[in-house]
Amino acid sequence: MSTFNPHDTEKLKTFLEHPSTQPGLKNGEIISLNYDKTNPETWEGILWSDQGDCFLINLNNKQHLTGNLNLDDFRELSFLFLDNNQLNSLSTQNCAELEEISCNNNQLSRLETAGCQRLHTLKITGNPLTHINLIACDRLNSSGLSVGYAKSLQSKIAEPSTNSHDTDPLITF
């Protein structure tokens, strides 16, 4: 592939250039010995569509990946697998095609997934979560949610209230 979506590559490059938990190594160097920040074809575990959009990220079990991963507005991202790393926060807001997130056993304190209408599976056990945003994740239900311990799990129903004095109800899992 010769052309990659610049939005996707820039956001991923920011994460890959972040220092890992291994002294002297960046996240990108953890995922691949051949990592080249200017060549997305060397970014192992990241798959691209024929149109150059990122559609799958599988960085499971890299153990030393750290930092804040912002994947907001990735238009073709469908699957995200990040288990067993040291990620601090994850944001996938407005990833309309995203169906599954698995990020068990990280250091996530914050998860933003608002606007992921196709999201049906969310696995986030083993994280010290203090904030989770699931607004407008209409397909997600308790059968697809694996949270474990979270200090607070709140999700507002996407439909606006007819009474301005009503508070937004919480979805119970």
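What follows is a conversation between a visitor and a guide about a predicted model of one chain.

Visitor: How confident is the predictor in this chain, and where does the pLDDT fall below 50?

Guide: The model is predicted, and the mean pLDDT of the chain is 86, with 80% of its residues reaching 70 or more. Over residues 156-173 the pLDDT is below 50, and beyond near neighbours in sequence this stretch has 18 contacts in the model.

Visitor: Which helices and strands does the chain contain, and in what pattern?

Guide: There are two helices and ten strands, and along the sequence they follow the pattern α-α-β-β-β-β-β-β-β-β-β-β. Of the 173 residues, 45% count as buried. Among contacts with a separation of 6 or more, 23% are between residues 24 or more positions apart.

Visitor: What makes β3 and β5 a pair of strands?

Guide: Two strands pair if at least two bridges are found between them, and strand β3, residues 66-70, is joined to strand β5, residues 86-91, over five bridges in the parallel sense; the two therefore count as paired. Within this pairing Leu-69 stands opposite Leu-90, and Asn-70 stands opposite Ser-91.

Visitor: How do you know that β5 also pairs with β7?

Guide: Three bridges join β5 to strand β7, residues 110-112, and these strands run parallel. The requirement is at least two bridges, so the pair qualifies. Ser-89 has Arg-110 in β7 as its bridge partner.

Visitor: Why are β3 and β9 called edge strands of the sheet?

Guide: The open sheet has four strands in the order β3-β5-β7-β9, with parallel pairing. β3 and β9, the latter covering residues 131-133, each have a single partner strand, so one side of each is left without a neighbour in the sheet. From one strand to the next, the twist averages 15 degrees.

Visitor: Which residues have the most contacts inside the largest nonpolar core?

Guide: That core has 37 residues, and those with the most contacts inside it are Leu-12, Ile-57, Leu-71, Leu-82 and Leu-90. At least two residues of the core are supplied by each of α1 (6-16), α2 (27-31), β1 (46-48), β2 (54-58) and β5, while the largest share, three residues, comes from α1. In soluble globular proteins, nonpolar side chains tend to be buried together.

Visitor: What is in contact with Leu-90, leaving aside its neighbours within four places in sequence?

Guide: Leu-90 is in contact with Leu-69, Leu-71, Leu-80, Leu-82, Ile-101, Cys-103, Leu-108, Arg-110, Leu-111 and Glu-112. Of these, Leu-69 is also the residue that stands opposite Leu-90.

Visitor: Why is Cys-103 called buried, and is Cys-95 buried or exposed?

Guide: Buried means under 20% relative accessible area. Cys-103 is at 0% relative accessibility and therefore counts as buried, and Cys-95, likewise at 0%, counts as buried.

Visitor: How do you know that Cys-95 is in no disulfide?

Guide: The nearest cysteine sulfur to that of Cys-95 belongs to Cys-116 and is 5.1 Å away. A disulfide requires two cysteine sulfur atoms within 2.5 Å, so this pair does not qualify. A search of the whole structure finds zero disulfides.

Visitor: What makes Ser-78 a buried residue, and where does Ser-78 lie?

Guide: Ser-78 lies in the loop between β3 and β4 (79-81). Its relative accessible area is 14%, and the cut-off for a buried residue is under 20%, so the term applies. Leaving aside its neighbours within four places in sequence, Ser-78 is in contact with Phe-55, Glu-97, Leu-98, Glu-99 and Glu-100.

Visitor: Why is Ser-102 called buried, and with which residues is Ser-102 in contact?

Guide: Ser-102, whose place is in strand β6, residues 100-102, has a relative accessible area of 5% and is therefore buried. Beyond its neighbours within four places in sequence, Ser-102 is in contact with Asn-60, Leu-80, Phe-81, Leu-82, Asp-83 and Lys-123.

Visitor: How do you know that Thr-121 counts as buried, and how many residues separate Thr-121 from Arg-139 in sequence?

Guide: Thr-121, which lies in strand β8, residues 121-123, is at 14% relative accessibility and so counts as buried. Thr-121 and Arg-139 are 18 residues apart in sequence, and their C-alpha atoms are 8.7 Å apart in space.

Definitions and conventions. Residues numbered from 1 in each chain as written. Heavy atoms only, no water. Core = buried A, V, L, I, M, F, W, Y, C linked by side-chain atoms within 4.5 Å. Buried < 20%, exposed > 50% of the residue type's maximum accessible area, 1.4 Å probe, protein only. Contact = heavy atoms within 4.5 Å. Axes fitted to C-alpha atoms, helices over the stretch in contact; angles between N-to-C directions. pLDDT = per-residue confidence, 0-100.
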